[in-house]
Each structure stands twice: as structure tokens, then as C-alpha cells.
Amino acid sequence: MTPLPRAFYARPTVTVARALLGCLLVHETSEGQVVGRLVEVEAYAGARDPASHAYRRTLRSEVMWGRPGIAYVYLSHGIHACMNVVTESLGRPGAVLLRALEPVDGVALMQRWRGIDALRDLAHGPGRLTQAMGITLAHNRADLVGGPLYLAPGDRPTGPITATPRIGISVATDRRWRFVIRGSSCLSRAVR
DNA sequence: ATCTAGATCGGCT
DNA sequence: GCCGATCTAGATG
């Protein structure tokens, strides 16, 4: 499979978020390959988006100013790793949070890593997604162009793309920057 | 030096 | 639906 080129990521964050739906997240590990199709993402911008970690430029959020096409992985609630892909041109902050995917390949591996069997429960949520895909904090700043962890073109959404407010935030809740493939059985939450 | 809220999850009611 | 787990970045004194 061919990784998405860096130019794919070097665009406005919301544009990248929508374009990521249906794409394949691939991780080639020593234990085998795992692949999932993205069905839910959220866009996080910079200085004008108070819900974004890049609302303040700090040690943790600095990566969001980095090269488009690298990973931003952070620890949520002391427990869960959450994965973003960095967007916009170098020096402009932005990232897309990967919230849910449909298992495509390496399902047995995902089931082992997650400790459960049900397909629709393997990666429906940002913390579950990283666990199912074998992604850890060690992948922070990993380059998604030319490494063992990458995104590749996938089947375009068969259903309509729906935009909703982002989940789990307390500010900027009026922005509809969560994008889902409506009708997927693997969403972290049903729509509307 | 200390405090607190957090882009969550799983179990229980 | 509610709650506890678990921990750290970032803010404040």
C-alpha cells in the first residue's frame, strides 16, 4: 500500500479531516500488520480554537506547529493514548484526532491487544483505537510518510459525511468539526 | 512546591 | 447514566 503523500496533510485542517474519512490506517509491527478504515475524526485548529491543545503554544503542543504528516500522540486522563495527524504547513498549528475505525486486517492481533472479540468494539473511541492499532506515546512525532505507521487511500465513504460538534470538550462546542461516516457500526457514538 | 482539569474508558446501577 | 481509575502538562503561588 502507498502512504498518503505529505502534500495531503499540508492543507487546511478541516479539509484534511474530511478527506481522511475512509482512508486506511496501517501499522506494520513485529507481530504483524494491522489495518483499519477511518470512520470518525475531529479537526483541531490553532490560536482561534480554544478546544485545541494549540490554543497555547507549550512543550506538549509544540508538535502541532511541526511538519505536516507527523503524529501527535498524547496521554489522556493519565490512561489513554490519543493519536492525531499534524496538518497545515510547517509553522502553522493544526491536527486531526483519529476517533474511530473499522477493522480491516490483522483483526486477531487487534482482538488480542484489546482483550475483546466484538469487531464493532475494537476501535470505537480514540483510546481504544490506539490500543487496537498498537500505537503508544512512543509514536509521538513519528513520521507517517515513509515509516511503519502510515495512512493510505481507502474506499470513499458509501454513506454521507456528517458534521457534528466535537466530543468531550467544554469550549467551542458550536463548531461542528467532528466528521463521521454516517451509518458505520463502528462510531464512538451514534449521530444526532 | 502544589493544585487541578482533562480531546477517555469500562464497569456498575 | 454515573463514577472511579490514573497521571501529567500547565498554571499558579
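# Reading a protein–DNA model

Author: Let's start at the DNA: a polar side-chain atom of Arg-128 lies 2.4 Å from a phosphate oxygen of DNA strand B. Keep in mind that this is a predicted model.

Reader: Which elements give two or more residues to the surface near DNA strand B?

Author: Those elements are β3 (71-76), β4, β5 and α4 (126-133). The one that gives the most is α4, with three residues.

Reader: And which residues come nearest to DNA strand B?

Author: There are 19 residues around the strand, and Tyr-74, His-80, Asn-84, Gly-127 and Arg-128 come nearest. Of the atoms of DNA strand B that come within 4 Å of the protein, sugar and phosphate account for 54%.

Reader: What other side chains have polar atoms by the strand's backbone?

Author: Arg-114 has a polar side-chain atom 2.8 Å from a phosphate oxygen of DNA strand B. With Ser-76, an N or O atom of the side chain is 3.4 Å from a sugar or linking oxygen of the strand.

Reader: How many nonpolar, polar and charged residues does the surface near DNA strand B have?

Author: By class, you get six nonpolar, ten polar and three charged residues there.

Reader: Let's go inside. How do I read a nonpolar core?

Author: Here's the general idea: in soluble globular proteins, nonpolar side chains tend to be buried together. In this model, the largest nonpolar core has 41 residues. Leu-20, Leu-25, Met-83, Val-85, Leu-98 and Leu-151 have the most contacts inside that core. Strand β2 provides its largest share, five residues. There's also a second, separate core of 14 residues, and Tyr-44, Ile-70, Cys-82 and Leu-97 are among them.

Reader: Which residues is Leu-20 in contact with, leaving aside its neighbours within four places in sequence?

Author: Leu-20 is in contact with Leu-4, Phe-8, Leu-38, Val-85, Val-96, Leu-98 and Leu-151. Leu-20 also belongs to helix α2 (residues 13-20), where Thr-13, Val-16, Ala-17 and Ala-19 are buried along with Leu-20.

Reader: What covers the buried residues of α2?

Author: The cover includes α1 (6-9), β2 (32-44), β4 (80-86), β5 (95-105), β6 (149-152) and β8 (178-181). After α2 comes Gly-22, with a positive phi near 90 degrees.

Reader: Which residues other than glycine have a positive phi?

Author: Two to look at are His-77, with phi near 55 degrees, and Ala-172, with phi of about 55 degrees. His-77 sits in the loop between β3 and β4, while Ala-172 is in the loop between β7 and β8.

Reader: Are His-77 and Ala-172 buried or exposed?

Author: Compare each relative accessibility with the cut-offs: under 20% is buried and over 50% is exposed. His-77 counts as exposed because its relative accessibility is 74%. Ala-172 has a relative accessible area of 14%, so Ala-172 is buried.

Reader: Let me try that reading on a strand residue. Why does Thr-162 count as buried?

Author: Thr-162 counts as buried because its relative accessibility is 11%, and under 20% is the cut-off. Thr-162 lies in strand β7 (residues 161-164).

Reader: What does Thr-162 touch, not counting residues up to four places away in sequence?

Author: Thr-162 touches Arg-178, Phe-179, Val-180 and Arg-182. With Arg-182 there's a polar contact too, joining the two side chains at 3.2 Å.

Notes
Residues are numbered from 1 along each chain as its sequence is written. Chains are lettered from A and ligands numbered from 1 in the order in which they are written. This is a predicted model: local features need pLDDT of at least 70, side-chain atom pairs count only at pLDDT 80 or more; totals for chains, interfaces and linings use all residues. Side-chain values use heavy atoms; hydrogens and water are left out. Buried means under 20% relative accessible area, exposed over 50%, partly exposed in between (1.4 Å probe, protein chains only). Helices (H or I, at least four residues) and strands (E, at least two) are DSSP runs, numbered from the N terminus. Contact means heavy atoms within 4.5 Å. A polar contact is a pair of N or O atoms within 3.5 Å; within protein, one must be able to donate a hydrogen and the other to accept it, and residues adjacent in sequence count only if both atoms are side-chain atoms. A residue is near a molecule or strand if one of its heavy atoms lies within 4 Å of it. Ala, Val, Leu, Ile, Met, Phe, Trp, Tyr, Cys and Pro count as nonpolar, Asp, Glu, Lys and Arg as charged, and the others, Gly among them, as polar. A nonpolar core is a set of buried Ala, Val, Leu, Ile, Met, Phe, Trp, Tyr and Cys residues joined through side-chain atoms within 4.5 Å.
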